[in-house]
Amino acid sequence: MRVDLFSIGNFTIHSYGLLIAVGVILAVIMAMKRAGKKDLNSEVVLNMAIICVVFGFLGAKLLYVLENFRAFLEDPLSVIGSSGFVVYGGIFIGVAAIILYCRIKKYSFFRYFDLLMPSVALGQAFGRLGCFCAGCCYGRETDLAWGVVFPEGSFAPAGVPLIPTQLISSAGDFAIMIILLLFSRKAKKVGDVGALYLLLYGIGRFLVEFLRQNEQGGIGIFTTAQLMSFVFIAASVILFIRNRKGRHAENYQEEYYSIWL
(Lines give C-alpha, C1' and ligand atoms only; values in the text may rest on other atoms or scores of the structure.)
Protein backbone atom coordinates (compact mmCIF):
# COMPACT_ATOMS: atom_id res chain seq x y z
CA MET A 1 0.00 0.00 0.00
CA ARG A 2 1.17 3.54 -0.77
CA VAL A 3 -0.14 6.81 0.61
CA ASP A 4 1.27 8.85 -2.29
CA LEU A 5 1.40 7.44 -5.81
CA PHE A 6 3.59 10.07 -7.45
CA SER A 7 4.33 13.79 -7.47
CA ILE A 8 4.75 16.36 -10.21
CA GLY A 9 6.45 19.37 -8.67
CA ASN A 10 4.36 20.39 -5.67
CA PHE A 11 1.35 18.43 -6.93
CA THR A 12 0.96 14.98 -5.36
CA ILE A 13 -1.46 12.24 -6.37
CA HIS A 14 -2.70 10.49 -3.22
CA SER A 15 -3.94 6.92 -3.55
CA TYR A 16 -6.83 7.62 -1.18
CA GLY A 17 -8.20 10.51 -3.23
CA LEU A 18 -7.60 8.74 -6.53
CA LEU A 19 -9.49 5.61 -5.49
CA ILE A 20 -12.40 7.68 -4.17
CA ALA A 21 -12.52 9.53 -7.50
CA VAL A 22 -12.46 6.25 -9.43
CA GLY A 23 -15.23 4.87 -7.21
CA VAL A 24 -17.43 7.95 -7.73
CA ILE A 25 -16.93 7.90 -11.51
CA LEU A 26 -17.71 4.19 -11.80
CA ALA A 27 -20.72 4.56 -9.51
CA VAL A 28 -22.16 7.38 -11.62
CA ILE A 29 -21.55 5.48 -14.87
CA MET A 30 -23.29 2.40 -13.46
CA ALA A 31 -26.29 4.42 -12.24
CA MET A 32 -26.68 6.32 -15.51
CA LYS A 33 -26.56 3.13 -17.57
CA ARG A 34 -29.10 1.41 -15.33
CA ALA A 35 -31.38 4.47 -15.34
CA GLY A 36 -32.56 3.83 -18.89
CA LYS A 37 -33.53 0.25 -18.05
CA LYS A 38 -35.61 1.53 -15.13
CA ASP A 39 -37.29 4.29 -17.19
CA LEU A 40 -35.51 6.96 -15.17
CA ASN A 41 -33.73 10.10 -16.32
CA SER A 42 -29.94 9.71 -16.55
CA GLU A 43 -29.44 13.50 -16.35
CA VAL A 44 -31.32 13.53 -13.06
CA VAL A 45 -29.01 10.74 -11.86
CA LEU A 46 -25.98 12.89 -12.71
CA ASN A 47 -27.46 15.88 -10.86
CA MET A 48 -28.15 13.70 -7.82
CA ALA A 49 -24.62 12.32 -7.93
CA ILE A 50 -23.15 15.82 -7.85
CA ILE A 51 -25.45 16.82 -4.98
CA CYS A 52 -24.66 13.63 -3.09
CA VAL A 53 -20.89 14.04 -3.49
CA VAL A 54 -20.86 17.69 -2.40
CA PHE A 55 -23.21 17.37 0.56
CA GLY A 56 -21.91 13.91 1.42
CA PHE A 57 -18.40 15.34 1.69
CA LEU A 58 -19.65 18.12 3.96
CA GLY A 59 -21.69 15.73 6.08
CA ALA A 60 -18.82 13.27 6.50
CA LYS A 61 -16.50 16.07 7.59
CA LEU A 62 -19.11 17.56 9.92
CA LEU A 63 -19.63 14.29 11.78
CA TYR A 64 -15.87 13.82 12.02
CA VAL A 65 -15.60 17.27 13.63
CA LEU A 66 -18.37 16.38 16.09
CA GLU A 67 -16.66 13.10 17.00
CA ASN A 68 -13.42 14.99 17.61
CA PHE A 69 -14.99 18.11 19.08
CA ARG A 70 -12.48 18.58 21.89
CA ALA A 71 -9.59 18.53 19.44
CA PHE A 72 -11.59 20.87 17.20
CA LEU A 73 -11.97 23.39 20.02
CA GLU A 74 -8.23 23.27 20.70
CA ASP A 75 -7.14 23.51 17.07
CA PRO A 76 -10.03 23.89 14.58
CA LEU A 77 -7.87 24.07 11.46
CA SER A 78 -6.00 20.85 12.22
CA VAL A 79 -9.29 18.92 12.51
CA ILE A 80 -10.98 20.52 9.51
CA GLY A 81 -7.85 20.23 7.39
CA SER A 82 -7.19 16.59 8.28
CA SER A 83 -8.13 13.68 6.03
CA GLY A 84 -10.67 12.42 8.56
CA PHE A 85 -14.24 11.69 7.47
CA VAL A 86 -17.13 9.68 8.90
CA VAL A 87 -19.10 7.76 6.27
CA TYR A 88 -22.40 7.85 8.13
CA GLY A 89 -22.38 11.63 8.19
CA GLY A 90 -21.93 11.66 4.44
CA ILE A 91 -24.80 9.22 3.91
CA PHE A 92 -27.23 11.10 6.16
CA ILE A 93 -26.56 14.56 4.76
CA GLY A 94 -26.24 13.30 1.18
CA VAL A 95 -29.59 11.51 1.33
CA ALA A 96 -31.25 14.49 3.01
CA ALA A 97 -30.01 16.75 0.20
CA ILE A 98 -31.37 14.37 -2.45
CA ILE A 99 -34.74 14.17 -0.67
CA LEU A 100 -34.96 17.96 -0.74
CA TYR A 101 -33.95 18.00 -4.41
CA CYS A 102 -36.66 15.44 -5.25
CA ARG A 103 -39.29 17.41 -3.38
CA ILE A 104 -38.39 20.60 -5.23
CA LYS A 105 -38.26 18.92 -8.65
CA LYS A 106 -41.22 16.58 -7.97
CA TYR A 107 -39.19 13.44 -8.63
CA SER A 108 -39.87 10.07 -7.06
CA PHE A 109 -37.23 9.81 -4.36
CA PHE A 110 -37.55 6.08 -3.67
CA ARG A 111 -37.28 5.14 -7.33
CA TYR A 112 -33.94 6.91 -7.58
CA PHE A 113 -32.98 5.70 -4.11
CA ASP A 114 -33.40 2.10 -5.30
CA LEU A 115 -31.45 2.85 -8.46
CA LEU A 116 -28.53 4.55 -6.71
CA MET A 117 -27.90 2.21 -3.80
CA PRO A 118 -25.90 -0.43 -5.74
CA SER A 119 -23.76 2.42 -7.08
CA VAL A 120 -23.31 3.83 -3.59
CA ALA A 121 -22.06 0.42 -2.41
CA LEU A 122 -19.62 0.34 -5.35
CA GLY A 123 -18.30 3.80 -4.49
CA GLN A 124 -17.89 2.85 -0.85
CA ALA A 125 -15.96 -0.29 -1.83
CA PHE A 126 -13.38 1.78 -3.70
CA GLY A 127 -13.32 4.29 -0.87
CA ARG A 128 -12.33 1.54 1.57
CA LEU A 129 -9.56 0.47 -0.78
CA GLY A 130 -8.36 4.05 -0.54
CA CYS A 131 -8.50 3.77 3.25
CA PHE A 132 -6.29 0.69 3.03
CA CYS A 133 -3.71 2.50 0.93
CA ALA A 134 -3.70 5.47 3.32
CA GLY A 135 -3.77 3.29 6.44
CA CYS A 136 -6.78 4.98 7.99
CA CYS A 137 -9.74 3.13 9.55
CA TYR A 138 -7.32 0.40 10.60
CA GLY A 139 -8.09 -2.62 12.74
CA ARG A 140 -6.86 -3.94 16.05
CA GLU A 141 -3.49 -5.58 16.54
CA THR A 142 -3.46 -9.28 15.69
CA ASP A 143 -1.16 -12.28 15.74
CA LEU A 144 -3.07 -14.00 12.96
CA ALA A 145 -1.49 -14.62 9.56
CA TRP A 146 -3.87 -12.20 7.86
CA GLY A 147 -2.47 -9.24 9.79
CA VAL A 148 -1.16 -6.37 7.67
CA VAL A 149 1.90 -4.30 8.57
CA PHE A 150 1.62 -0.72 7.38
CA PRO A 151 4.69 1.32 6.42
CA GLU A 152 5.92 4.54 7.95
CA GLY A 153 4.02 7.57 6.74
CA SER A 154 0.56 5.97 6.76
CA PHE A 155 -2.16 6.77 9.28
CA ALA A 156 -1.93 3.31 10.85
CA PRO A 157 0.76 2.44 13.41
CA ALA A 158 3.83 1.25 11.50
CA GLY A 159 5.50 -2.10 12.08
CA VAL A 160 2.55 -3.67 13.91
CA PRO A 161 0.33 -6.44 12.39
CA LEU A 162 -3.21 -5.09 12.20
CA ILE A 163 -6.53 -6.57 11.13
CA PRO A 164 -7.18 -5.28 7.57
CA THR A 165 -10.64 -3.92 8.36
CA GLN A 166 -10.47 -1.71 5.27
CA LEU A 167 -10.26 -4.75 2.99
CA ILE A 168 -12.99 -6.52 4.95
CA SER A 169 -15.25 -3.48 4.57
CA SER A 170 -14.41 -3.17 0.87
CA ALA A 171 -15.20 -6.83 0.22
CA GLY A 172 -18.46 -6.40 2.12
CA ASP A 173 -19.41 -3.36 0.05
CA PHE A 174 -18.70 -5.20 -3.21
CA ALA A 175 -20.85 -8.07 -1.93
CA ILE A 176 -23.67 -5.65 -1.04
CA MET A 177 -23.50 -4.18 -4.55
CA ILE A 178 -23.86 -7.62 -6.14
CA ILE A 179 -26.71 -8.61 -3.82
CA LEU A 180 -28.59 -5.38 -4.55
CA LEU A 181 -28.16 -5.76 -8.30
CA LEU A 182 -29.53 -9.29 -8.18
CA PHE A 183 -32.33 -8.32 -5.80
CA SER A 184 -33.36 -5.34 -7.96
CA ARG A 185 -34.27 -7.73 -10.80
CA LYS A 186 -37.01 -9.31 -8.70
CA ALA A 187 -38.00 -6.47 -6.36
CA LYS A 188 -41.63 -5.48 -6.83
CA LYS A 189 -42.04 -2.92 -4.07
CA VAL A 190 -40.57 0.51 -4.63
CA GLY A 191 -38.11 1.20 -1.82
CA ASP A 192 -37.18 -2.42 -1.14
CA VAL A 193 -33.75 -2.18 -2.76
CA GLY A 194 -32.89 0.90 -0.72
CA ALA A 195 -34.23 -0.76 2.42
CA LEU A 196 -32.06 -3.82 1.79
CA TYR A 197 -29.00 -1.57 1.42
CA LEU A 198 -29.72 0.07 4.77
CA LEU A 199 -30.07 -3.33 6.40
CA LEU A 200 -26.95 -4.92 4.91
CA TYR A 201 -24.71 -1.89 5.37
CA GLY A 202 -25.95 -1.34 8.91
CA ILE A 203 -25.26 -4.95 9.91
CA GLY A 204 -21.90 -5.04 8.14
CA ARG A 205 -20.66 -1.81 9.67
CA PHE A 206 -21.86 -2.86 13.12
CA LEU A 207 -19.84 -6.09 12.95
CA VAL A 208 -16.68 -4.56 11.46
CA GLU A 209 -16.57 -2.00 14.26
CA PHE A 210 -15.67 -4.79 16.69
CA LEU A 211 -12.48 -5.34 14.69
CA ARG A 212 -11.45 -1.71 14.36
CA GLN A 213 -9.16 0.26 16.61
CA ASN A 214 -11.60 3.01 17.50
CA GLU A 215 -10.75 6.13 19.42
CA GLN A 216 -14.06 7.87 18.73
CA GLY A 217 -16.71 8.16 21.38
CA GLY A 218 -19.89 6.21 21.86
CA ILE A 219 -22.19 4.91 24.56
CA GLY A 220 -21.18 1.96 26.70
CA ILE A 221 -19.65 -0.81 24.61
CA PHE A 222 -20.99 0.62 21.35
CA THR A 223 -19.13 3.09 19.16
CA THR A 224 -20.79 6.03 17.43
CA ALA A 225 -20.80 4.09 14.17
CA GLN A 226 -22.53 1.14 15.80
CA LEU A 227 -25.21 3.39 17.26
CA MET A 228 -25.80 4.79 13.78
CA SER A 229 -25.93 1.23 12.47
CA PHE A 230 -28.93 0.69 14.73
CA VAL A 231 -30.59 3.69 13.06
CA PHE A 232 -29.93 2.23 9.61
CA ILE A 233 -31.28 -1.17 10.57
CA ALA A 234 -34.37 0.35 12.22
CA ALA A 235 -35.04 2.53 9.15
CA SER A 236 -34.73 -0.54 6.94
CA VAL A 237 -37.23 -2.53 8.99
CA ILE A 238 -39.69 0.39 9.04
CA LEU A 239 -39.41 0.83 5.29
CA PHE A 240 -39.94 -2.88 4.61
CA ILE A 241 -43.02 -2.88 6.87
CA ARG A 242 -44.49 0.20 5.24
CA ASN A 243 -43.94 -1.32 1.81
CA ARG A 244 -45.74 -4.48 2.86
CA LYS A 245 -48.69 -2.36 4.03
CA GLY A 246 -48.93 -0.80 0.59
CA ARG A 247 -48.09 2.78 1.51
CA HIS A 248 -45.76 2.99 -1.47
CA ALA A 249 -46.22 1.99 -5.06
CA GLU A 250 -47.15 -1.68 -5.45
CA ASN A 251 -44.81 -2.04 -8.41
CA TYR A 252 -42.45 -0.12 -10.65
CA GLN A 253 -45.21 0.97 -13.05
CA GLU A 254 -46.45 3.77 -10.80
CA GLU A 255 -44.98 7.13 -11.70
CA TYR A 256 -44.96 9.01 -8.41
CA TYR A 257 -45.75 8.63 -4.74
CA SER A 258 -45.17 10.76 -1.67
CA ILE A 259 -41.89 10.78 0.22
CA TRP A 260 -41.84 9.97 3.91
CA LEU A 261 -38.96 10.28 6.32
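In this predicted model, the side chains of R212 and E209 meet in a salt bridge, with a nitrogen-to-oxygen distance of 3.3 Å. Salt bridges that share partners join these two residues and R205 into one network, since R205 also pairs with E209, the closest N and O atoms of that pair being 3.0 Å apart. Side chains of opposite charge can pair when their charged atoms come close. The members of the network lie in the interior by the measure of accessible area: R212 has a relative accessible area of 11%, which is under the 20% limit, and therefore counts as buried, while E209 is buried with a relative accessible area of 3%. R205 is likewise buried, as is its partner E209.

The structure holds three salt bridges, and one of them is formed by D192 and R244, whose closest N and O atoms are 2.8 Å apart. This pair links distant parts of the chain, for D192 belongs to helix α8 and R244 to helix α9, with their positions 52 residues apart in sequence. The two partners are covered to unlike degrees: D192 is buried, because its relative accessible area of 5% is under 20%, whereas R244, with a relative accessible area of 46%, is partly exposed.

E209 is also in contact with Q226, a residue of helix α9, which touches F206, E209, F210 and I221 when residues up to four places away in sequence are not counted. With F206 the approach involves the backbone, since the backbone oxygen of F206 lies 3.0 Å from a polar atom of the Q226 side chain. Q226 itself counts as buried, at a relative accessibility of 1%.

With regard to the chain as a whole, there are nine helices and four strands, and their order along the sequence follows the pattern β-β-α-α-α-α-α-α-α-α-β-β-α. Of the 261 residues in the chain, 44% are buried. Among the contacts in the chain with a separation of 6 or more, 66% are accounted for by residues 24 or more positions apart. The chain exposes about 13,800 Å², of which carbon and sulfur atoms supply 67%.

In soluble globular proteins, nonpolar side chains tend to be buried together. The largest nonpolar core of the present model comprises 45 residues, among which M48, Y88 and Y197 touch the most other members. Two or more residues are given to this core by each of the helices α1 (15-37), α2 (42-67), α5 (87-105), α6 (109-134), α7 (165-184), α8 (192-208) and α9 (224-244), and the greatest contribution, 11 residues, is that of α6. Apart from this core lies another, of six residues, including F132, Y138, V148 and L162. The surroundings of M48 can be described in detail: when its neighbours within four places in sequence are left aside, M48 is in contact with I98, Y101, C102, Y112 and L116.

A further buried position is that of G23, which is found in helix α1 and has a relative accessible area of 0%. Not counting residues up to four places away in sequence, G23 touches G123 and F126. The C-alpha atoms of G23 and L129 are separated by 9.6 Å, although these two residues are 106 residues apart along the chain.

Nonpolar side chains are also found at the surface, where L46, I50, V54, F55, F57, L58, F92, I93 and V231 make a nonpolar patch of about 770 Å². Helices α2 and α5 each supply at least two residues of this patch, and the largest share, six residues, comes from α2. One of the residues of the patch, V231, has its place in helix α9. At a relative accessibility of 44%, V231 counts as partly exposed, because this value lies between the limits of 20% for buried and 50% for exposed residues. Helix α2 thus appears in both settings, as one of the elements that give two or more residues to the largest nonpolar core and as the source of the largest share of the surface patch.

Notes. Residues numbered from 1 in each chain as written. Predicted model: local features only at pLDDT ≥ 70, side-chain atom pairs only at ≥ 80, totals over all residues. Heavy atoms only, no water. Core = buried A, V, L, I, M, F, W, Y, C linked by side-chain atoms within 4.5 Å. Buried < 20%, exposed > 50% of the residue type's maximum accessible area, 1.4 Å probe, protein only. Contact = heavy atoms within 4.5 Å. Patch = residues over 30% accessible without salt bridge, like charges linked within 9 Å, V, L, I, M, F, W, Y side chains within 5 Å. Areas by Shrake-Rupley, 256 points an atom, 1.4 Å probe, with all protein chains shown as cover. Salt bridge = Lys/Arg side-chain N within 4 Å of Asp/Glu carboxyl O. Polar contact = N/O pair within 3.5 Å; in protein donor to acceptor, adjacent residues only side chain to side chain.
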